[in-house]
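Please open the model in your viewer and keep the sequence panel visible. The tour below proposes one selection after another and states what is found at each.

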Amino acid sequence: MNSYSYLQMYQINTKDLKSYPIEWNKIFGNSNKSIVEIGFGGGEFLVNLAKENNNYNYVGLETSLTSCHKIKKKIFQNNLNNIQIILEDAKFALREFFSDNSISKVIVNFPCPWPKSKHAKNRLFDENFIDTLSSVLEVDGEVILTTDVFEYASDVKEKFLSNGCFKVKNISEVQQLPFKTRYEKKWENEGRKKYLLIAQKRCKKDIKRLLEGEFDLPHEKIKRLDFDKLQSLVGFKKSSENHNITIKDIYAKLDGSEYLVKVFSEDKGYIQSYFVNVIKIKEGWLVKLDDIAKAYRTPSVKEAVNIIAKELEN
Ligand SMILES: C[S@@+](CC[C@H](N)C(=O)[O-])C[C@H]1O[C@@H](n2cnc3c(N)ncnc32)[C@H](O)[C@@H]1O
């Protein structure tokens, strides 16, 4: 194996899956329970945890590609086969990729606190996320949050209590984590304190997932293509209670046999940017979700393919 081949390993290509939630026991080839770390950063905590205890499967969720590369190097160097990672927003990933009652612990070390109220929507712990935790954790399963911001810990504690499905221990000050992380070192150097919050699941709320079940690539056939109609789609917007769709632009292949429609869509706050292809085929034109710049086949993505086909057909 050359020195960078490990970059292809340990990461699930979640957009390629044919069904959701993910069957983790098939991925790991065992019946162990799962522990999930959100925002693993340099990967110090998750890798050491996985080295120490082989009785669990470990899944790391991160939005930073650099962090994913860093942890893969550590997993490879330690020859671990009990960690998989996903490059994705944890609010989406925890809800869509894990079935009910399937996780033993969710660990979050030093999440970004987003202290300004205008940035509050970026905070990890919101009401929907706590509903997700109440579904995906097993009964008695725990959320273990460490933060350097006491107000953040108290705000999260209040949210767990108002959800009603969690028993929450008092926030305590901790001296050090079992494995030191990059941010723990950073805050220690600045003399900041660390606070621990543990919430234990007691009951379950039902959540609606966007991706449950089996998925095919959405596609529609149309007989003729009116180029003026295609062009007029730029700027098209559709908003409904649960999703929004905007057509941003259209790109053409030089020989006119294929067009790429650039779409932004949002499902319950989850935003995707992707392409819908309009391709010449023998019997007319095929409108389908582009399979190179991939998107999850959420309701808004399926609707975008249908809308484009319908508008072109009219
Ligand atoms: C302050 S750093 C802490 C990193 C690490 N836990 C540590 O203690 O060194 C927060 C990390 O969370 C990640 N992150 C932020 N929002 C996220 C989200 N919604 N889903 C997954 N990861 C997220 C960031 O990319 C970043 O690596």
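Helices, here runs of at least four residues assigned by DSSP, are numbered from the N terminus. Tyr183 is found in one of these, helix H7. The model is a predicted one, and the tour will return to this helix after a general view.

**Stop 1: the whole chain**

Display the protein chain as a cartoon. It has nine helices and 16 strands. Along the principal axes, the C-alpha atoms fill a box of roughly 70 × 50 × 40 Å. Of the 314 residues in the chain, 33% count as buried. Among contacts between residues at least 6 apart in sequence, 70% join residues at least 24 apart.

Next, colour residues 5-201 and residues 216-313 separately. The domain assignment gives the former as domain 1 and the latter as domain 2. The centres of the two domains, taken over C-alpha atoms, are separated by 35 Å.

**Stop 2: three acidic positions**

Select Glu37, Glu62 and Asp89, which UniProt lists under "binding site" in an unreviewed entry. These residues span 53 residues in sequence, yet no two of their C-alpha atoms are more than 12.3 Å apart, so they gather at one spot.

Centre the view on Glu37, which is placed in strand E2 (residues 33-38). Is Glu37 buried or exposed? Glu37 is buried, because 28 other C-beta atoms lie within 10 Å and 20 or more are required for that class. Leaving out residues up to four places away in sequence, Glu37 touches Phe45, Leu46, Gly60 and Ile107.

Move now to Glu62, in strand E3 (residues 56-62). Glu62 is buried as well, with 24 other C-beta atoms within 10 Å. Beyond residues up to four places away in sequence, the residues that Glu62 touches include Gly39, Phe40, Ile85 and Leu87.

**Stop 3: the surroundings of the ligand**

Select the ligand and display the residues around it. How many residues surround the ligand? There are 22, and the closest are Gly39, Gly41, Ala90, Thr181 and Tyr183. By class, this shell has nine nonpolar, eight polar and five charged residues. Strand E3, helix H4 (90-97) and helix H7 (182-189) each supply at least two residues of the shell. The largest share, three residues, comes from H7.

**Stop 4: a further set of annotated positions**

Select Lys116, Asp148, Thr181, Arg182, Tyr183 and Glu184. UniProt places the feature "binding site" at these positions, again in an unreviewed entry. They are spread over 69 residues of sequence and are also spread in space, with up to 24.9 Å between C-alpha atoms.

Two members of this set deserve individual views. Asp148 lies in the loop between strand E6 (137-147) and helix H6 (150-163). Asp148 counts as partly exposed, because 18 C-beta neighbours lie inside 10 Å, whereas a buried residue needs 20 or more. Apart from residues up to four places away in sequence, Asp148 touches Phe110, Trp187, Arg192, Lys193 and Lys194.

Return then to Tyr183 in helix H7. Tyr183 counts as buried, with 22 C-beta neighbours inside 10 Å. With residues up to four places away in sequence set aside, Tyr183 touches Gly41, Asn109 and Phe110.

**Stop 5: a covered helix**

Select helix H4. It is mostly covered, as eight of its eight residues are buried. Those buried residues are Ala90, Lys91, Phe92, Ala93, Leu94, Arg95, Glu96 and Phe97. To see what covers them, add the neighbouring elements, which include strand E1 (19-20), E2, E3, strand E4 (83-87), helix H5 (127-136) and strand E15 (270-281).

**Stop 6: the nonpolar cores**

In soluble globular proteins, nonpolar side chains tend to be buried together. Select Val36, Leu46, Leu61 and Val106: of the 46 residues in the largest nonpolar core, these touch the most other members. Then centre on Leu61. Outside its neighbours within four places in sequence, Leu61 is in contact with Val36, Ile38, Ile86, Glu88, Ala90, Ala93 and Leu94.

For the final selection, take Leu233, Tyr259, Val276 and Val301. They are included in a second, separate core of 22 residues.

Key:
Residues numbered from 1 in each chain as written. Predicted model: local features only at pLDDT ≥ 70, side-chain atom pairs only at ≥ 80, totals over all residues. UniProt positions renumbered as here; feature names shortened; annotations may be inferred. Buried ≥ 20, exposed ≤ 12 C-beta atoms within 10 Å, placed from the backbone. Contact = placed C-beta atoms within 7 Å. Near = placed C-beta within 6 Å. Nonpolar A, V, L, I, M, F, W, Y, C, P; charged D, E, K, R; others polar. Core = buried A, V, L, I, M, F, W, Y, C linked by C-beta atoms within 7 Å. Domains from an automatic or database assignment.
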